[in-house]
Amino acid sequence: MASAARDQYNVEIGQYVVHRDASPGPAASDRSGPDSVRMPLAVRSPSPVRDRHEIRRDVLHAIGHPGVSHSKFVLYGTAGSGKTVLAEDLFHEVVARGVVGLWVNAATEVAFRAGMLAVALDRGADPGQVEAARVGRRPAADLVWQCLDAAAEPWLLVLDNADDPSVFGDGGWLRGSRRGTVLVTTRHGSAPLWRDADRRRLDVLGLDDAVCVLRDLNVTGYDQAALERLANGLGCHPLALTLAGAYLGQRRLDPVTVDEFLRRLREDPSGILDEAADPDERDLRRLISSTWQISLDALADRGVPEATPLMWLLSCYAPDPLPIGLLHAHRLGLTTLAQAEPPLPTRKADAALRGLMSQSMVADLDIPGDVGLPTVPCLQAHALLLDTVAARIPLDQREGILAAATQLLDHLLHEGEAEGTCLDAQTLRLFTPHALALLRRTVAARSAAVPKALGLVRYLRDQSRARGDYTSTHLLAESAVHVPPSVSAATEAELLDDRYELACSLADLGRYAESVEIHREVLRARETQLGADHVQTLDSAHALGLALYGLGEWAEDELHLRRAVEGRRRVLGPEDAATIMSTACLAEAIGEQQRWDEAEALARTNVATSEAAHGPTSPYTLAARHTLAWALYRLGRLDEAEALASATLAERERALGSEHPRTLVIRDLLAGILCAQERWTEAEAAARSVLTAREEVLGAEHPHTLAMRTGLIRILTGAGDITAAQPLAVLNLEACIRVLGEAHPDTLDCQQAHLDAFGSNLHADEAPRTGHDKDVQR
């Protein structure tokens, strides 16, 4: 080969190591071409390629079987996903096997055409023919592919950074060949030119591979958990992992811990990662602060400047799937985005979205709908991309973008809202992370949109609790509490409401001691600010009683619930729903203190009052009936208790579904009644259904889950299935002691079940507590 016989020397040009011809000649005198097509024009990755096993296997197979397998591959994905790194890895591997490796920078039309003509020279083209092609006297693409198709050796041609497919013209430059394989790297994954290629999307790494990258880069001295926290904080993004690993692994004068790095990452995602770049770094694709801006600038140059404000808008939300309905034209038209700079007119939104998707900045996906609901078309972007873009929104545009993002979410959540209508579980699940992210963005910017964003979080908090999603409820409640009053414009009463809701969410999660502490604080403040008989003060007394019940402090529970009942009767009346709920809970506190006749009488009167005022199937009547059924069960009137519990269960399932916590509470009671009737098979089926649901919904060590497991142990023991009962008893007693403490009534009950299972029943005359956990309804 003509070029192979010439002397060469290495020249460092910024990021790239290239080979420059030392000998003069017709081709060498024109420096418009690349210095080499035999070396990857990219910096070598400091870490081996991780993951990507399937893609590597298929490309290597194609290179080894020219003319049989695919001859064109397209690696696409968001900036920094490792497309070039993987291409370079494959390049070096096939060259080591004797395959000719050819590398062309396809970032611009000029660089691409010059590179392809250099490929023709490398493959033996006459310099005169190449010069004729360069000046347009003969078709350049035909010349290049004639040389490639005639090559005696198999080859791999990498067309790197082909983010603008127009560099390939009408497609004549991009061909397949039986003699070799073409590998394109691009951010543009949906170009028509790729239709006959094998397209492969590069996404983030798996967690294990991400940790390996950090270890490759000498991030040492940390256990697996710390490195996993770091990898998750970086979203397992390959470029971010590389930069973070370099930052942590090379610091000598000012060491930074993983936790400190993550704190700085939250505050300034692009700044902390760019600090890790080499001081001589000139390739903007290796800077987090610039890597996605390159795509936005490219779209603007192609006549889609609207992609920039749309990306700004998306950056206000979370990296979770975002239902595309949020961006429907009629909603966008309600905002001031058309006055942004650059503007985002409604009619240009679709083109802007297609542009973002073409650059792999945003992916579209369908999220399976809940039972009976259709799939939900969604958009999703990487967390680091969103954080970086959000940080780069110009200050004079930020307020308008945040206001629009808040307005869009508010309109979607409240559209067509009817009085008393709850959002469906699917909507809550999909929009909760976006409301939380929006609140965080507005607070960080001290935006005027904070009060509205906070209102959305409060709204979703209340809706989540009504749906029985206590984990989300707590997350939302905690976020609301942490908003500084200086930006929330919240009144003292609203701040107390937020703390009250946080305490309620803690009780729902079984964190009773924390709940009691906050409820006491809120109750004292409400007594001082609002008065002893204010409705909200009585709400606090009621909620404090519920939390105390969870701790097994039944005497104090009774004290606060009696105050709530008497106060609500005075202020609201005996038939008010709140009064009925407090009365039901008071009867439970009385019953737990073994005053069963008093509890049954109070519960029966409460049922009659609620039925007359609210009807037989209202949620308040069902709660009152639940308490009465429990009292009857503890009095040994099992048939009456079973009938009432079964009817209540049927109504709860119809209204709330089979896995709502309030439904599980009544099924728990029914399992206890069946156990007392020695109907072991039915009791076990009921208990296992509750236990499985609670483990999934509440967690394996929630107090209600532990209590139900104790109930199952009793059922298994009663049925004579000691083989199943004993190991379960051992594990559950350990968990009860750890979670509740040795003196908690539920722990003592579990201890007795443990003794029974091992044939050491010391208190056979004492009735178990199986079959009742406080109804969490307020």
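**Exercise 1. Determine which residue of strand 10 stands opposite Asp-364, and place that pair in its sheet.**

Solution. Asp-364 stands opposite Leu-379 in strand 10, where strands are DSSP runs of E with at least two residues and helices are runs of H or I with at least four residues, both numbered from the N terminus. This is a predicted model, in which local features need pLDDT of at least 70 and side-chain atom pairs count only at pLDDT 80 or more, while totals for chains, interfaces and linings use all residues. Residues are numbered from 1 along each chain as its sequence is written, and side-chain values use heavy atoms, with hydrogens and water left out.

Next, consider the strands themselves: strand 9 and strand 10 (residues 376-380) run antiparallel and are joined by 5 bridges, and two strands count as paired if DSSP finds at least two bridges between them. The open sheet has 3 strands in the order 8-10-9, with antiparallel pairing. Strand 8 (322-323) and strand 9 (363-367) are at its edges with a single partner strand each, so one side of each has no neighbour in the sheet.

**Exercise 2. Describe the sheet that has the order 4-5-6-3-7, and say where helix 3 lies.**

Solution. The sheet is open, with 5 strands and parallel pairing. Its edge strands, each pairing on one side only, are strand 4 (100-105) and strand 7 (198-201). From one strand to the next the twist averages 15°, with axes taken as lines fitted to C-alpha atoms, for helices over the stretch in contact (heavy atoms within 4.5 Å), and with angles running from 0 to 180 degrees between N-to-C directions.

At the strand 4 edge, 6 bridges join strand 4 to strand 5 (residues 155-160) in parallel, and Val-100 has Trp-155 of strand 5 as its bridge partner. Helix 3 (residues 109-122) lies across strand 4 and strand 5, at about 160° to strand 4.

**Exercise 3. Characterise helix 17 by its span, its kink and its burial.**

Solution. Helix 17 (residues 425-444) has 20 residues and reaches 29 Å from its first C-alpha to its last, close to the expected 28 Å, which is 1.5 Å times one less than the number of residues. A kink of about 35° lies at Phe-431, shortly before the proline Pro-433; the bend is the angle between axes fitted to the seven residues ending at a residue and the seven starting there.

Finally, 14 of the 20 residues of helix 17 are buried, so the helix is largely enclosed by the rest of the structure; buried means under 20% relative accessible area, with a 1.4 Å probe and protein chains only. Across the protein chain, buried residues make up 53% of the 778 residues.

Definitions and conventions. Buried means under 20% relative accessible area, exposed over 50%, partly exposed in between (1.4 Å probe, protein chains only).
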